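Trainee: I am new to this structure and would like to go through it with you step by step. May we start with how to read it?

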Amino acid sequence: MSPSAAFPRPIDSANTPRFAGPATFFRLPMVDDPAAVDIAIVGVPWDGGTTNRAGARHGPRQVRDQSTLIRLVNGATGVCPYDLCRIADLGDAPVNPIDLTLSMDRITGFFARLQDGGARPLSVGGDHLMSLPILRALVGGGPPVGMVQFDAHSDTLDTYFDGLRYTHGTPFRRAIEEGLLDPQRIVQVGIRGSIFRADDRDWPAQQGVRLITMDEVETLGPAGTLDTIRAVVGDGPTYLSFDIDAIDPTFAPGTGTPEIAGLTPREALRLLRGLRGLNLIGADLPEVSPPFDPSGNTALLGANLLFELLCLMAESVGGPPAARADQT
Ligand code: MN
Ligand code: MN
């Protein structure tokens, strides 16, 4: 029996049609015990940090639905994540849609339980503020980690609305201040669009964050962009955050803060597949907003990007648990 035979597998869509049964991420089993998995795919159905067009609270359910279209093996890289480690759907973080502080604490508690069980989280949002309570659970009390962030926006503003410090425009400023992220090991890819003040991007740059604007992505090309990302994050523990608004709104209109002239899905796939081998402690996919996505195309794109993230994470886990134990 191969070591992977006991790993959770998606329902076989050649036998049970894709439209049948409850939708879980990639048709994987729902599991409650984080100790039973190496990678926990979870939803954070919460958009309490959204400053303008809300709706990302509905993201996890629609991405689950669209993810039932994804097959087992990555056709470009040949990776079958379900052969490499134990992966399941661990459900949704508990939230309170009208209490921001309570929700953040509950999200941190949920991810701390995953962390204690040894499961690395792959999360679907939810707005981008969710990354802060997730990072508190993953990193809090330990050394700061690096981050690759695909996004139209830096999300490092200080305050909004008369001094409010927690919105989806501020999570990574707070994460740097709280010592969760090492700013010298943060790289932000696809930054573009209008800003509030001319100096909005000065603070992250002063901290040592490497912003690769969309203009620079175009100048560097995929290979140069990947070289720059790797040079910033290196081999150390790294979080990967992919805001769906990094993608051009022609392809991903279903998001709260669309910015024109973004990455194409082709460019995104090439960049993500170029990140194989990163030391990933977790990843997330925020800002898919079904109310602005009547065709479901944004969630379909999100589900496909989520599968690329899953393949990267499965390779990062390093294969079956027995093999990992042998290495130590
Ligand atoms: Mn963002
Ligand atoms: Mn954004």
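Mentor: Before we begin, keep in mind that contact here means heavy atoms within 4.5 Å, and that this is a predicted model.

Trainee: With that meaning of contact, which residues does Leu 240 touch, not counting residues up to four places away in sequence?
Mentor: Leu 240 is listed among the residues with the most contacts inside the largest nonpolar core, which has 55 residues. With those up to four places away in sequence not counted, Leu 240 touches Val 148, Phe 150, Leu 272, Leu 275, Leu 280, Gly 282, Ala 283, Asp 284, Leu 309 and Leu 312.

Trainee: Which helix gives the largest share of this core?
Mentor: The core also counts Phe 26, Phe 242 and Leu 305 among its residues with the most contacts. Its largest share, 13 residues, comes from residues 297-317, that is, from helix α9.

Trainee: How far apart are the manganese ion (ligand 2) and the manganese ion (ligand 1)?
Mentor: The protein donors of ligand 2 include His 153 (ND1) and Asp 243 (OD), and the donors lie 2.1 to 2.5 Å from that ion. Asp 151 coordinates both manganese ions, whose separation is 3.2 Å.

Trainee: How many residues apart in sequence are the parts that His 153 and Asp 245 tie together?
Mentor: Both residues are protein donors of the manganese ion (ligand 2). His 153 sits in the loop between β4 (145-150) and α5 (171-177), while Asp 245 sits in the loop between β7 (238-242) and α8 (265-273), so the pair ties together parts that are apart in sequence by 92 residues.

Trainee: Is Asp 245 buried or exposed?
Mentor: Buried means under 20% relative accessible area. Because its relative accessibility is 2%, Asp 245 counts as buried.

Definitions and conventions:
Residues numbered from 1 in each chain as written. Chains lettered and ligands numbered in written order. Predicted model: local features only at pLDDT ≥ 70, side-chain atom pairs only at ≥ 80, totals over all residues. Heavy atoms only, no water. Donors = N, O, S within 2.8 Å, 3.2 Å for Na, K, Ca; no water. Helix = DSSP H or I, 4+ residues; strand = E, 2+ residues; numbered from the N terminus. Buried < 20%, exposed > 50% of the residue type's maximum accessible area, 1.4 Å probe, protein only. Core = buried A, V, L, I, M, F, W, Y, C linked by side-chain atoms within 4.5 Å.
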